[in-house]
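I opened the model and kept notes on what I looked up, one item at a time. The entries follow in the order I made them.

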Amino acid sequence: MATTIVHIGPSQLPLLYTLGGAVERRMRELAMRQAQAGSRVILYSAESETKTSDYHGAEVRAIACSQKGVVRAGEFLYKSLRDARSVKPDVIHFHSLAEGAACTRLFARGVRAKTVLSFDFFEFRRGKQNPFFKSYRRALNRFSALLPVSGFCQRESSAYWAIPEDRMRVVYNGVSLQQFFPDPESARKRRAAWGIGSEFVALYVGRVCHQKGTDLLIDAYARLREQGRPIRLVIAGPNGQFGQAGHNDAIEKLKQHGGLYLGPVEEADLPSVYNAADVFVMPTRTAEMFGMAAIEAQACGIPVICSDQGGLPEVIDRSSGMLFRPDDVEDLVAKLDAMMANVEMRNGFSNASVDNARRFSWERITSDLDQVYAMDGRA
């Protein structure tokens, strides 16, 4: 493993934000395990003031940023790389920052570090709508390794940016098996706190928006309720983007049909929320590169129903869950109905879910990264 590793990611959320953010969670989980393995690991976080803190052996350096939007991203990247010069890293691991390698040459001259890029979506900075699209394509080619989070993301990225697939290596997002595991007692307590007894609980965790298909799930749930089926839908996540709030007609419809909206949930509470469900549903319409929540649910032994879209078929073993046609409410209703009706099938899915989740343990993902870091030249 490399001696000194630096992680730099997006500037929208503080790195230690605990109400969501898959990229921030990936950075924390990887850094913790890399530090435990003996590396010096530094994480940069865009915040309102400069400070340092410890995160399970990794050092978090908060960089004071006063700007907003794209300008804030540039400010954070500049300040982080300038600071990283004193660290003399062996690897600078960027997360969703296509400018990373090019900016390293500009702002951290003299640093002889490998630069790798993990990314969950490939239309960086508005993609082809950005007048600097060609510059971004050149910038991507400057990384030592490009690491899409799924085979789907790899294929889409290759076509979009005209980059050969063999220039990339898939490194999946992961799950903490120490945090997410079957826990019947926490499930009992959580259901009691919600006031839910024997009803069948369907759960969704993530952003509430059209792209994620939450309105489709609520429509399917409403139909089952109108048929008199004993089902309750629980939704946990922000209304739109993380850190934002506002009115949402879908949430109002959820409540009208007896569903429960939790809003953003603290990361420490997520395991009991997953465990309280009978099925986890991820109804994404488009652009689902991986599906971290689906893996976390499976690690808790919860069967999943996901749209057959994007990277989700890579995350769901056919023995651990069911796929439905994207944007097809009738198919989703049928899959939910089947899951409710067949306890034996649910139990089989539940047992297989835990085994499937082990494929995505952060320990395994960290080991894959060790191999990437050790590679000579470009991926």
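**Entry 1: around helix H3.** I asked what covers the buried residues of H3. In this predicted model, the cover includes helix H2 (69-84), strand E5 (91-95), strand E6 (114-119) and helix H4 (133-140). I then listed the buried residues of H3, which runs over residues 100-107. They are Gly100, Ala101, Ala102, Cys103 and Thr104.

**Entry 2: two loops with positive phi.** I looked up Ser96, which sits in the loop between E5 and H3. Its phi is near 60°, a positive value in a residue other than glycine. I also checked its exposure: Ser96 has a relative accessible area of 22% and is partly exposed, because buried means under 20%. Arg125 was the next one, in the loop between E6 and H4. The phi of Arg125 is near 50°, again positive in a residue that is not glycine. With a relative accessible area of 29%, Arg125 is partly exposed.

**Entry 3: helix H5.** I wanted to know how many of the 11 residues of helix H5 (residues 151-161) are buried. The count is eight, so H5 is largely enclosed by the rest of the structure. I wrote down the names: Gly151, Phe152, Cys153, Gln154, Ser157, Ser158, Tyr160 and Trp161. What do these buried residues of H5 pack against? The partners are E6, H4, strand E7 (145-148) and helix H11 (312-315). E6 and H4 were already in my notes as part of the cover of H3. Just after H5 comes Ala162, and its phi is positive, near 55°.

**Entry 4: Asn141.** I found Asn141 in the loop between H4 and E7. Is Asn141 buried or partly exposed? Its relative accessibility is 28%, so it counts as partly exposed. I also took a distance from Asn141 to Ile365, which is 224 residues away along the chain. Their C-alpha atoms are separated by 23 Å.

**Entry 5: the second largest pocket.** I moved on to the second largest pocket, which holds about 340 Å³ of space. Its lining has 18 residues. Which of them lie nearest the centre of the pocket? They are Ala187, Asn275, Ala277, Asp278 and Ile302. I sorted the lining by class and got nine nonpolar, five polar and four charged residues. Helix H6 (184-194) and helix H13 (343-357) each supply at least two residues of the lining. H13 gives the most, with five residues.

**Entry 6: Pro303.** I looked up Pro303 in the loop between helix H10 (292-299) and strand E12 (304-307). Pro303 has 3% relative accessibility and therefore counts as buried. I listed what Pro303 touches, leaving out residues up to four places away in sequence. The list is Asp278, Val279, Phe280, Ser320, Met339, Arg346, Phe349, Ser350 and Ser353. One of these, Asp278, I had met in the previous entry among the residues nearest the pocket centre. I also took the distance from Pro303 to Asn351: they are 48 residues apart in sequence and 8.6 Å apart in space, C-alpha to C-alpha.

**Entry 7: Asp327.** I placed Asp327 in the loop between strand E13 (321-324) and helix H12 (329-341). At 46% relative accessibility, Asp327 counts as partly exposed, because exposed means over 50%. Which residues does Asp327 touch, not counting those up to four places away in sequence? I found Leu216 and Arg285. Asp327 and Asn275 are 52 residues apart in sequence and 27 Å apart in space, C-alpha to C-alpha.

**Entry 8: the whole chain.** I ended with the protein chain as a whole, which has 14 helices and 13 strands. The radius of gyration is 21 Å, close to the 21 Å that the globule rule gives for 379 residues, so the chain is as compact as a globular protein of that length. Along its principal axes, the C-alpha trace spans about 70 × 40 × 40 Å. I noted that 59% of the 379 residues count as buried. For contacts with a separation of 6 or more, 68% are between residues 24 or more positions apart. The accessible surface comes to about 15800 Å², and 49% of that surface belongs to carbon and sulfur atoms.

Terms used. Residues numbered from 1 in each chain as written. Predicted model: local features only at pLDDT ≥ 70, side-chain atom pairs only at ≥ 80, totals over all residues. Heavy atoms only, no water. Buried < 20%, exposed > 50% of the residue type's maximum accessible area, 1.4 Å probe, protein only. Helix = DSSP H or I, 4+ residues; strand = E, 2+ residues; numbered from the N terminus. Contact = heavy atoms within 4.5 Å. 1 Å grid on protein atoms, 1.4 Å probe; cavity = no way out; pocket = protein on both sides within 12 Å on 5 of 7 lines; lining within 4 Å. Points joined across faces, edges and corners; volume = space filled by probe spheres on them. Nonpolar A, V, L, I, M, F, W, Y, C, P; charged D, E, K, R; others polar. Rg over C-alpha atoms; globule rule 2.2 N^0.38 Å. Areas by Shrake-Rupley, 256 points an atom, 1.4 Å probe, with all protein chains shown as cover.
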